[in-house]
Amino acid sequence: MSHAPFTPSATKRWLNCQGSFPLSLLMPPEVESTYAEEGSRLHGLAAAHLTGCDDSMHAADWEAIKPYVFYASDRIAESDFVATEQRLDYSPLLFGTPDLLLGFDTVMGADRGLLEVVDLKTGAGIMVDAEENEQLLTYAFMALVKLRKLGRGFDRVRLTIVQPPDEANPVKSWECSAGRVMEHGARVEAAIARALEGDPPIVPGEWCRFCRAKPVCPKLRGEMVEALAGLTPATLTPLALAQWLDRADRREGFIKAVREVGHTLVGAGVNVPGWTLKPKRATRQWDDEDKVLEIARRRKIKIYQDKMLSPAMAEKAHPNLPQELRDRIVAVSSGSNLVRGEAPDTVNVKPEATKTERLMANFKLMQHRR
Ligand code: SF4
């Protein structure tokens, strides 16, 4: 899937830190993570289910999207128009695909009806709120503009997040006026214009967490240097401590991002002197859970307690586990770690590379990766 230069999912970052746009161009191309791949797969299943293209899916997949399918089906039944996974093109710089757009003609307090943007979040790491959600406001803005051009206006907008892993509160909605969404649109346009000008502002904050420019970000580097230059404990007031704790989060993000870039480049065959990839320790897994369940059912062996027992748990629960099941156990390494390898080659590192040199070095890396 191609991402827009100003992708709606990163709205919060580029609204607050326009400098992240040119800085991210200095980074090697992004590799989709396994989490993102899994999220895309579940989104595909949900869309296929809603559009009647697929009714069969594994139980675990169904559990991962069930609240979204139920909510979406109910709202679709009441709506006057539906668009599932339809790309919105605002400009060559700003486009994206909301999971579901719905239009309701008759809504109390809205002469021209209500537009709803529904977004499925399959991740369990961060629970996302619908209120003032920048990503959904951007989708709503692009949808309002497109629909207005087609002669269709709305007074109200509802943003809905359906996040099945948030078991206590899987469906969250927030409503606002169409005017509020258009205000957000004006901020979006201004931020994109500012990001394309020379020297846009670089502003650290909580949005740094998902910024891929961390390894080349001068603000984060500056905070690192300041930290090392030393603030003695005596000057650490509670207020200063709070600020330094925020910076500590960003420093950890910076270090993690540097490691991730190293991992990606070494994995792509780039010689990063002194560093190599080592496979993670293999763990024992079932080769095919459906087949294991079928064998266990046939042999009347209990292998499911809330969830599938791992091979180790199954062996503990059933010391005489039949060979037919033991044959289904495989050892799988779940990736690799970046570790120090052979002695580093001698490299000449310039203390200060010029912007052009950095761009050329990056360009060479990108060529190497193709
Ligand atoms: S790391 Fe933070 S401050 Fe630096 S460019 Fe990214 S968002 Fe901006």
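Biologist: What percentage of the 370 residues of the protein count as buried?

Modeller: A residue is buried if 20 or more other C-beta atoms lie within 10 Å of its own, exposed if 12 or fewer, and partly exposed in between, with C-beta atoms placed from the backbone. This is a predicted model, in which local features need pLDDT of at least 70 and side-chain atom pairs count only at pLDDT 80 or more, while totals for chains, interfaces and linings use all residues. Residues are numbered from 1 along each chain as its sequence is written. Of the 370 residues of the protein, the share that counts as buried is 23%.

Biologist: Which element gives the most residues to the largest nonpolar core?

Modeller: A nonpolar core is a set of buried Ala, Val, Leu, Ile, Met, Phe, Trp, Tyr and Cys residues joined through C-beta atoms within 7 Å. The largest one has 42 residues, of which Val117, Ala140, Ala143, Leu144 and Val157 touch the most other members. Elements that give two or more residues to this core include β5 (114-120), α5 (134-149) and β6 (156-162), where helices (H or I, at least four residues) and strands (E, at least two) are DSSP runs numbered from the N terminus. With eight residues, the element that gives the most is α5.

Biologist: Which residues of the second, separate core are also among the closest to the ligand?

Modeller: The second, separate core has eight residues, and it includes Cys208, Cys211, Cys217 and Phe254. A residue is near a molecule if its C-beta atom, placed from the backbone, lies within 6 Å of it, and 16 residues surround the ligand, the closest being Cys17, Ser20, Cys208, Cys211 and Cys217. The names found in both lists are Cys208, Cys211 and Cys217.

Biologist: From which domains does the shell around the ligand draw at least three residues each?

Modeller: Among the elements, α2 (20-24) and α7 (218-229) each supply at least two residues of this shell. Domain bounds come from an automatic or database domain assignment. The shell draws at least three residues from each of domain 1 (8-196) and domain 2 (206-279 + 337-369).

Biologist: Is Asp199 buried or exposed?

Modeller: Asp199 lies in the loop between α6 and α7, and its phi is positive, about 60°, although Asp199 is not a glycine. Because Asp199 has 9 other C-beta atoms within 10 Å, this residue is exposed.
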